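Visitor: I would like to go through this model with you, one question at a time. Could we begin with the strands and then turn to the interior?

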Amino acid sequence: MQERSSVGDLADQLRQELNRYSPGGKLPSSRALVERFRVSPVTVSRALAQLAAEGLVITRPGAGAFRARPRPAVTSTGDTSWQEVALSADAATEAVPRTVDASGVLASLAAPPPGVVEFNGGYLHPSLQPERAMGAALSRAGRRPGAWSRPPMEGLPELREWFARGIGGAIGAAEVLVAAGGQTALTTALRALAPPGAPVLVESPTYPGMLAIARAAGLRPVPVPVDPDGVKPGLLADAFRATGSRVFVCQPLFQNPTGAVLAPERRGEVLRIARDAGAFVVEDDFVRRLVHEDAGPLPRPLAAEDPDGVVVHVGSLTKATSPSFRVSALAARGPVLERLRAIQVVDTFFVPRPLQEAALELVGSPAWPRHLRTVSAELKVRRDTMTAALRLRLPELALPHIPFGGYHLWARLPDGTDESALVAAALRAGVAVTPGRPYYSAEPPAAQIRLSFAAVAGTEEITEGVRRLTAAYDEVRA
């Protein structure tokens, strides 16, 4: 973190001093900047690269850095109002308009302002990410012979084999495709399995990013309620009969946002119901590697118990590593695999080989199991800290299920609480929380919020965040 700060500070200083030089004028040498600001040559190089990216500086190998000549101002005189008609002209003929609403996704992706406690984050805090191990893996991968050549379209055989072993059952490397992150894999799966206008069954509540994928593809999400034991099989069967859907998307392990785990007695029933309906189950196994220390043995993926090719499995490394480490797997059996492969090739060609090689280096290193153990222990401590703080300061919030995996709690607000008002008041108080409304494809049954304990710096920040949330709640309920 110190190096990043130094780069930004140096870039700011150089930016302020650029007016001392005429356009095209030469800046001090890198050696002079190192001596003057007492920073490393790497810091100088990165600061100059940042200014070059902003168009303020031009670097010439062997000659140095020069102030860029100002670009002429561009005045926009065009009229883009015609696009409103063009973008909506087909809506009348579409069964489901393909409008794209990314607000639910942005709620967990957007970084809050400085000083705000990040209870809305969807990824591990940098202190929990295996940055050193990832850097070493990427460095080793980049030096491998052929590391920068084109990979097999389906992914590196060794990486496909690693993912297949993690799934288990009858899934082998030949049934696995390497994809660029879970969101991309889910997009490929829904495009492969359902035509525009078709209904797709989803858990209720469910991950907003999946709802956005479905709607952007012109699909119609149909909610099926979940409880602490996962999706309710009877209602799932009713939904298949009522809609004729051929796809059900679910998260059987540590469901987002409820944290539910599909109960053992329901697992086979869900597969049977889908098989009888002639439908696929898209299994989003997104946080299997974020299990808490006290969880005990985990159930196998549904795909491991599926001999008939009902399940299309999605698994990812991203949640356990970094939002930028976008490597995932799509696994399926039967003719659907070729359709998944064709769509993926058309959309993305392949996942860059250096990233796949780095993934192999990372999961094969001794640092990988150590990292998973560290995160497992830390997430339990954070979960317990947040749970205790909420029960002490905000006993009015109901916590119907305390998960043993994942990175968040799902809290129900007291009847009559204005969810939007609380979210806004919380941000004013210095804590960002995720509203519950985007997790529903229909009207929500109650006001709810999701609180992440993984994206903050540590337990002290969790305690402070709950204190700020309490102040916001008191303001809204006053």
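Visitor: Which residue in β15 is the bridge partner of W410?

Guide: This is a predicted model, and what follows should be read in that light. β12 covers residues 408-412, while β15 covers residues 448-452, and the two strands pair in the antiparallel sense over five bridges. Within that pairing, the bridge partner of W410 in β15 is R450.

Visitor: Which strands are the edge strands of the open sheet?

Guide: Three strands form this open sheet with antiparallel pairing, and their order is β12-β15-β14. An edge strand here is one that pairs on one side only, which applies to β12 (408-412) and β14 (434-435).

Visitor: Which helix gives the most residues to the largest nonpolar core?

Guide: The largest nonpolar core holds 86 residues, and those touching the most other members are F119, F248, L317, L390, V433, I449 and L469. The helix that gives the most to this core, with six residues, is α14 (residues 367-393).

Visitor: With which residues is L390 in contact, leaving aside its neighbours within four places in sequence?

Guide: L390 is among the members of the largest nonpolar core that touch the most others, and L469 is also in that group. Once the neighbours within four places in sequence are set aside, the contacts of L390 are P395, L397, L399, L409, L451, V466 and L469.

Visitor: Is R428 buried or exposed?

Guide: R428 is found in helix α15, which runs over residues 419-429. Its relative accessible area is 59%, and because the cut-off for this class is over 50%, R428 counts as exposed.

Visitor: How far apart in space are R428 and R468, C-alpha to C-alpha?

Guide: In sequence, R428 and R468 are 40 residues apart. In space, the C-alpha to C-alpha distance between R428 and R468 is 9.3 Å.

Visitor: How many residues of the lining of the largest cavity are charged?

Guide: The largest cavity, with about 60 Å³ of space, is lined by E203, V226, G230, V231, C250, Q251, P252, Q255, A260, V261 and L262. Seven residues of this lining are nonpolar and three are polar, and the number that are charged is one.

Visitor: What is the volume of the second largest cavity?

Guide: The count comes to three cavities of 30 Å³ or more. The second largest cavity is lined by E203, T206, Y207, M210, V249, C250, Q251 and D284, which divide into four nonpolar, two polar and two charged residues. The volume of this second largest cavity is about 40 Å³.

Terms used
Residues are numbered from 1 along each chain as its sequence is written. This is a predicted model: local features need pLDDT of at least 70, side-chain atom pairs count only at pLDDT 80 or more; totals for chains, interfaces and linings use all residues. Side-chain values use heavy atoms; hydrogens and water are left out. On a 1 Å grid over the protein atoms alone, a cavity is a set of points where a 1.4 Å probe fits but cannot get out, and a pocket is an open set with protein on both sides within 12 Å along at least five of seven lines; lining residues have an atom within 4 Å of a point. Grid points are joined across faces, edges and corners, and a volume is the space filled by probe spheres set on the points. Ala, Val, Leu, Ile, Met, Phe, Trp, Tyr, Cys and Pro count as nonpolar, Asp, Glu, Lys and Arg as charged, and the others, Gly among them, as polar. A nonpolar core is a set of buried Ala, Val, Leu, Ile, Met, Phe, Trp, Tyr and Cys residues joined through side-chain atoms within 4.5 Å. Buried means under 20% relative accessible area, exposed over 50%, partly exposed in between (1.4 Å probe, protein chains only). Helices (H or I, at least four residues) and strands (E, at least two) are DSSP runs, numbered from the N terminus. Contact means heavy atoms within 4.5 Å. Two strands pair if DSSP finds at least two bridges between them.
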